[in-house]
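Hi,

Here is the structure I said I would pass on. Have a look at it first, and my notes follow underneath.

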Amino acid sequence: MAALSPEDEDKTALSLTQMLDSKPLPYETTDPDVRLMLQVRDDNAAAFEELVLRYQGRLITILQNMVQDRDRAEDLAQDVFLRVYRARKSYLPDAKFSTWLFTIAHNVASNSLRALSRRHEVNVTAGRGGEPRSKPWDDLVTAPSGLMPARQLDKAELAEVVRAAVDSLNERQRMAILLAKFEHMSYADIAATMGLSVKAVKSLLSRARENLRLILEPYLQEGIRP
């Protein structure tokens with residue numbers, strides 16, 4: 001093999017150095033919502049309003065499916081945005097903005113559910129009226145459960161049954177499923193949001209999908225409602 005010339009050696013050394021020194025692009029470069037939040041940190045009210053517009057509906061959807069009450073979800077969403085605004089001066093762009101926001105939302109929802117549980121006021125039928133949830137629930141059938149209906153199903157009834165099945169999951173399984181299906185988060189982002197390892201998230205989602213399969217299979221195949 002021919003020896004490299006001094007000039008080629010210099011180029012090779014420079015290339016290797018650049019590879020070793022290369023770092024992932026900062027989130028303020030890759031995430032436009034992080035850039036908005038940095039403007040919020042500098043007291044830009046318009047940037048905060050833009051973030052609220054971008055995330056309010058998505059946030060309420062996740063919270064409603066956690067606490068099973070539309071009015072409470074809207075109140076909790078306001079609490080989340082209030083916490084975001086209060087934390088603006090200490091904000092650091094070390095994660096996607098959505099990951100940071102839904103971490104706050106997860107904590108707020110968990111605290112609300114614990115408070116309701118302590119007061120024994122959990123109403124499992126709350127949230128069935130009012131505005132419909134924005135995501136078609138029948139979309140959740142094939143992915144979490146791995147099931148395909150063997151008969152023609154009424155879409156409205158199917159959505160209600162799937163929603164009830166998701167509501168029956170425990171808090172952590174429900175949050176993981178919602179973040180995966182509604183927000184299309186990666187395992188890593190769900191892990192960061194919920195304060196878990198990636199391995200734990202994979203296990204959590206696997207258990208959630210298996211539980212959904214067991215709940216939904218009798219209905220999908222034979223029409224037996226859970």
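Starting with the outside: the accessible surface of the protein chain is about 12800 Å², and carbon and sulfur atoms account for 52% of that. Keep in mind that this is a predicted model. The chain has 226 residues, 39% of which count as buried.

As for the fold, you'll find 11 helices and zero strands. Among contacts between residues at least 6 apart in sequence, 69% join residues at least 24 apart.

Two spots caught my eye. One is helix α3, which covers residues 32-41. Its buried residues are Asp33, Val34, Leu36, Met37, Leu38 and Val40, and their cover includes α2, α4, α5 and α6. Look at the start of α3, too: there a side-chain oxygen of Asp31 comes to within 2.9 Å of the backbone nitrogen of Asp33. Just past the helix, Asp43 has a positive phi of about 70°.

The other is Arg174, in helix α9 (residues 171-181). What does this buried residue have for a salt bridge? None, as it turns out: the nearest side chain of opposite charge belongs to Asp167, and that is 4.8 Å away, whereas a salt bridge has to be within 4 Å. The backbone of Asp167 does better, with its oxygen 3.4 Å from a polar atom of the Arg174 side chain. Leaving out residues up to four places away in sequence, Arg174 also touches a set of residues that includes Asn65, Met66, Gln68 and Leu113.

Over to you!

Definitions and conventions:
Residues are numbered from 1 along each chain as its sequence is written. This is a predicted model: local features need pLDDT of at least 70, side-chain atom pairs count only at pLDDT 80 or more; totals for chains, interfaces and linings use all residues. Side-chain values use heavy atoms; hydrogens and water are left out. Helices (H or I, at least four residues) and strands (E, at least two) are DSSP runs, numbered from the N terminus. Buried means under 20% relative accessible area, exposed over 50%, partly exposed in between (1.4 Å probe, protein chains only). Lys and Arg count as positive and Asp and Glu as negative; His and the chain ends are not counted. A polar contact is a pair of N or O atoms within 3.5 Å; within protein, one must be able to donate a hydrogen and the other to accept it, and residues adjacent in sequence count only if both atoms are side-chain atoms. Contact means heavy atoms within 4.5 Å. Accessible areas come from the Shrake-Rupley method with a 1.4 Å probe; for residues, only the protein chains shown count as cover.
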